[in-house]
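This report covers the ligand site, the pockets, the internal cavity and the aromatic pairs of one structure.

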Amino acid sequence: MSTLWSGRFDTAPDAATFAFGASFHFDRRLFEDDVTGSLAWARALGRAGVLTPDEAARIEAALAAILARGRSEPAFVSGPDEDVHSFVERLLVEELGDAGRRLHTGRSRNEQVSVDLRLYLRRRIPALQRGVAGVVAALAAQAHAAGDALMPSFTHLRPAQPILVAHFFLAHVAALRRDWDRLAAAAAEADALPLGSGAIAGTSYPIDVDAIARDLGFSRVVPNSIDASSDRDFAASFLYAASLAMVHLSRVAEDLIIFCGDEHRFFELSDAISTGSSMMPQKKNPDPLELVRGKTGRAIGHLVGLLTAMKGLPSGYNKDLQEDKQAVFDAEDTLAGSLAATAAVVSGLSLNRPRTEAAASGLLLATDVADYLVGRGVPFRRAHEIVGALVRKLVAEAREFGSLSLEEWRGASDRFDADVVERVTPRVSVAAKRTPQSTAPDAVGRALAEADQWLRAAG
Ligand code: ARG
């Protein structure tokens, strides 16, 4: 195999070590971006007068043909080459001879791989954002379907306060919308043209980098060639965005694993996404949710892996940076698959309203009882103590607020009146909330309408 650098050496590379360093088996995924970048470089060399108009035109035509063939015939993008850049250049030289050998003038693979990965992320991130919007749409549809149904909220995984089921689904919507924004920010960070940086010091040909940026749709040019040759911040930002999105999907998964379990039965999983047991006939398992939760570690691992690869690098390109690509590709695949699976699971949920509403009542109304006393002039800290003592008694006697006689209420505090029974219910509790981010039905209705509007804009 001849390489792009064989002229410097007496002997052929050691096969095993060459294979160790080769990246074509994974960076073939940058094929389209590599050709796109080379097309722009050929045009720039033409504009700079480094290539004759005829040479530039022939290189462009040959690259366009290579691109078309690679798109229609994925198996074509393979060979003994060191990396995707060497592959494209070999094909070009095979086609054009010396004219093809002129394409790499003034350019280095160091900047080439950077421009490729930036183009790749810019091209692929929108699909991930559509995946995020798909999960948001499924959650919003569940929020609509839940109407005014109630469920308990939890802190420390113990019943806390009544909420609308819609409020629960919209909580996950809020987190995923931040992921959508973070993915957009990662794409914006990748949106800088590194070409013109050469191997490290810049290029000595009169290349109009602003024109290349316009040609490739980059909004700006990198500020420093040394920094550009080893800057992978945009890849790390992407991995962070992907990791946090996975963390959020993992939390959706964990909630649903718990809430669909036999102990709660708040929701029922659709049969289509559930799995059975080879031994226990009664089982209906949430495997896709467990996989999403389990795969989250991969994305986080890739982020930590890249940061670790980056942290000790001296200035300029170092081969360590080749590790960026498998991290990015696997995080992308992991997130895309997890988004699709989560959307399918959420879409198939059915609400078990009798179960959620029964669970939304009982001692989790204690805060509302305390608020009742506050409404009658009792300082909150004192009200908390009074209700705490009442709860202690009810727990000991295995009873709930609804079973208390007026005498018993009065025994706890003479501020209690007969109206406490209708003033302290899950529905009243929810309706009593006043803030825009609360579970108050009006607030939730507005949040849902706003989510629908966001979905129309995002989709
Ligand atoms: N495969 C290399 C990478 O992914 C391309 C850049 C190679 N540059 C070099 N100086 N060896 O980083």
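## Ligand shell

The model described here is predicted. Within it, helix 7, which spans residues 109-146, gives the shell around the ligand its largest share, three residues. The full set of residues around the ligand is S23, D83, H85, R109, N110, V113, Y317, Q322 and K325. Sorted by class, this shell holds four polar, three charged and two nonpolar residues.

## Polar contacts and cover of the ligand

Polar side-chain atoms approach the ligand at several points. For K325, an N or O atom of the side chain is 2.5 Å from an oxygen atom of the ligand. For Q322, an N or O atom of the side chain is 2.7 Å from a nitrogen atom of the ligand. S23 also places a polar side-chain atom 3.2 Å from a ligand nitrogen. On its own, the ligand has 340 Å² of accessible area, and the protein covers 86% of that area.

## Largest pocket

The volume of the largest pocket is about 420 Å³. Its lining consists of 18 residues, and those closest to the pocket centre are F154, F168, A171, H172 and D255. Strand 1 (150-155), helix 8 (165-190) and helix 11 (233-259) are the elements that contribute two or more residues to this lining. Helix 8 contributes the most, with six residues.

By class, the lining of the largest pocket comprises 10 nonpolar, five polar and three charged residues. F168, one of the residues closest to the centre of this pocket, also takes part in an aromatic pair with F259.

## Aromatic pairs

Across the whole structure, a search finds 16 aromatic pairs. In one of them, the ring centres of F168 and F259 are 5.4 Å apart and the ring planes are at 65 degrees, so the pair counts as edge-to-face. F168 belongs to helix 8 and F259 to helix 11, so this pair ties together parts that are 91 residues apart in sequence. Helix 8 and helix 11 are also among the elements that give two or more residues to the lining of the largest pocket.

## Second largest pocket

The second largest pocket holds about 300 Å³ of space. It has 13 lining residues, and C260, G261, D262, K284 and N285 are the ones that lie nearest its centre. Five residues of this lining are nonpolar, three are polar and five are charged.

## Internal cavity

How many cavities of 30 Å³ or more are there? The count comes to one. The volume of the largest cavity is about 40 Å³.

The residues that line the largest cavity are L4, D34, S38, H85, V88, E89, L103, H104, R107, R109 and Q112. Helix 3 (31-47), helix 5 (84-96) and helix 7 each provide at least two of these residues, and helix 5 gives the largest share, three residues. By class, the lining of the cavity has four charged, four polar and three nonpolar residues.

H85 and R109 appear in the lining of this cavity, and H85 and R109 are also among the residues around the ligand. Helix 7 likewise supplies residues to the lining of the cavity and to the shell around the ligand.

Key
Residues numbered from 1 in each chain as written. Predicted model: local features only at pLDDT ≥ 70, side-chain atom pairs only at ≥ 80, totals over all residues. Heavy atoms only, no water. Near = heavy atom within 4 Å. Polar contact = N/O pair within 3.5 Å; in protein donor to acceptor, adjacent residues only side chain to side chain. Areas by Shrake-Rupley, 256 points an atom, 1.4 Å probe, with all protein chains shown as cover. Helix = DSSP H or I, 4+ residues; strand = E, 2+ residues; numbered from the N terminus. Nonpolar A, V, L, I, M, F, W, Y, C, P; charged D, E, K, R; others polar. 1 Å grid on protein atoms, 1.4 Å probe; cavity = no way out; pocket = protein on both sides within 12 Å on 5 of 7 lines; lining within 4 Å. Points joined across faces, edges and corners; volume = space filled by probe spheres on them. Phe/Tyr/Trp six-rings, centres within 6.5 Å; stacked < 30°, edge-to-face > 60°.
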